[in-house]
Amino acid sequence: MFISADMRRRRERALNKVHSAIDEHGGTTLLSTGITADDARLARAVVDAGVRLLEPNHPALALARGLHGVQDMHSAENVRHEVTMDEVDRVVSGVRAVTGADTFITVGIPGGFTELDPVEVTTQDFANLARAGADALHTHKASLEDLEEWVQVAHDNGLIVDAYISHPDDRHPFGIPAATSEEVAATAVTMRDIGVDMIGLMTGMSYGGAAAGRIPTEISERLAALVRAVDVPTLAEGGINIANHAAFRGTGVNILVVGTSFDDVARTAVADTARRYLGLPNPPVGAAAAAGSGRP
């Protein structure tokens, strides 16, 4: 019971970080992922800019390490299960060390998604992740049975859980499938009832995007259904960028998950600067980002 109480207090501290960030940023905050969460230098940069929530994850690590030569996130999804837990723990430990105790860190781990090949994850892996500095487990389990088991083990080790709802037609199985807005709402309630602490919606635009200043009506309706259904923090993930983020804010969702947009900006800035050193012209506007974005 003593340990259980300690783990409960640990989870409460984690949720307090999330609610504090949401309040600080007027009801909708940012969860920074991709290169800004797995590279400690860039993690520190976004935290210094005001970001309070970070998400290192194993697909981004597969891409960062060039596992099997992958060069975009779609390819990284096929090899993410080969990233080791030791590597994940090292990244989390480093990011925690440079960003401080007040930063909220949720982590995607091998076995935490619907992997191409099964990954054995032990209770000790959860404990090691918490010791490395994680506040939460970021999971895209696609079955409620698996998700409920993960929530229990995560909670037992002092980690809260953010999990996601997807569409059955999404390119990758990134969450519990729900085809309609009504199913989104019902699924969100079920997820809350099994203990999920933060519930997100995959927008169906992963590694892509929507027209500037808008998002598709179907996605707006699905997000609205999620926001109305539960009172836990809500997230939107997939295709959010600087051109459409204001439209996502208008849905009332609490947390915008942004990764590929940051990756594209960083890649383009580095390439442009290298060309300046070499005295070479820059490519036409938009060409560099499109070449490396992994968009379909």
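These questions and answers walk through a predicted model.

Reader: How many salt bridges does the structure hold?

Author: Side chains of opposite charge can pair when their charged atoms come close. Such pairs are found here, one of them between Asp6 and Arg9. The count of salt bridges in the structure is 13.

Reader: In which helix do Asp6 and Arg9 both lie?

Author: The side chains of Asp6 and Arg9 meet in a salt bridge, at 2.4 Å from N to O. Asp6 is partly exposed at 29% relative accessible area, and Arg9 is partly exposed at 38%. The two stand 3 residues apart, about one turn of the helix, and both lie in helix H1 (residues 2-24).

Reader: Which residue forms a salt bridge with Asp48?

Author: An α-helix has 3.6 residues a turn, so residues three or four places apart point the same way. Asp48 and its partner are 4 residues apart in helix H3, so about one helical turn separates them. The closest N and O atoms are 2.8 Å apart, and the partner is Arg44.

Reader: Is Asp48 buried or exposed?

Author: The cut-off for exposed is over 50% relative accessible area. Asp48 has 55% relative accessibility. Its partner Arg44 has 40% and is partly exposed. Asp48 therefore counts as exposed.

Reader: Which residues of helix H3 are buried?

Author: Helix H3 covers residues 40-49. On one side of H3, Arg41, Asp48 and Ala49 are exposed. The buried residues lie on the other side, within an arc of only 100° around the axis, which puts them on the same side of H3. They are Ala43, Val46 and Val47.

Reader: Which residues are joined into one network by salt bridges that share partners?

Author: Start with a single pair, Arg192 and Asp193, whose side chains meet at 3.0 Å from N to O. Arg192 is partly exposed at 32%, while Asp193 is exposed at 56%. Elsewhere, salt bridges share partners and form one network, made of Lys17, Arg96 and Asp135.

Reader: Which elements give two or more residues to the negative patch?

Author: The negative surface patch is formed by Asp169, Glu182, Glu183, Glu218 and Glu221. The elements that give two or more of these residues are helix H9 (181-193) and helix H10 (217-229).

Reader: Where does Asp169 lie?

Author: Asp169 belongs to the negative surface patch. Asp169 is exposed, with a relative accessible area of 65%. Its place is the loop between strand E5 (160-166) and strand E6 (176-177).

Reader: What is the relative accessibility of Leu278?

Author: Tyr277, Leu278 and Leu280 make a nonpolar surface patch of about 420 Å². Leu278 sits in helix H12 (residues 260-278). Leu278 counts as exposed, because its relative accessibility is 63%.

Reader: What is the phi of His68?

Author: Most residues other than glycine have a negative phi. His68 is not a glycine, yet its phi is positive. His68 sits in the loop between helix H4 (58-64) and helix H5 (73-76), and it counts as exposed at 58% relative accessibility. The phi of His68 is about 55°.

Technical notes: Residues are numbered from 1 along each chain as its sequence is written. This is a predicted model: local features need pLDDT of at least 70, side-chain atom pairs count only at pLDDT 80 or more; totals for chains, interfaces and linings use all residues. Side-chain values use heavy atoms; hydrogens and water are left out. Patches are made of residues with over 30% relative accessible area and no salt bridge: like charges are joined within 9 Å, nonpolar side chains (Val, Leu, Ile, Met, Phe, Trp, Tyr) within 5 Å. Accessible areas come from the Shrake-Rupley method with a 1.4 Å probe; for residues, only the protein chains shown count as cover. A salt bridge is a side-chain nitrogen of Lys or Arg within 4 Å of a carboxyl oxygen of Asp or Glu. Lys and Arg count as positive and Asp and Glu as negative; His and the chain ends are not counted. The place of a charge is taken as NZ of Lys, CZ of Arg, CG of Asp or CD of Glu. Buried means under 20% relative accessible area, exposed over 50%, partly exposed in between (1.4 Å probe, protein chains only). The arc is that of the directions from the helix axis to the C-beta atoms.
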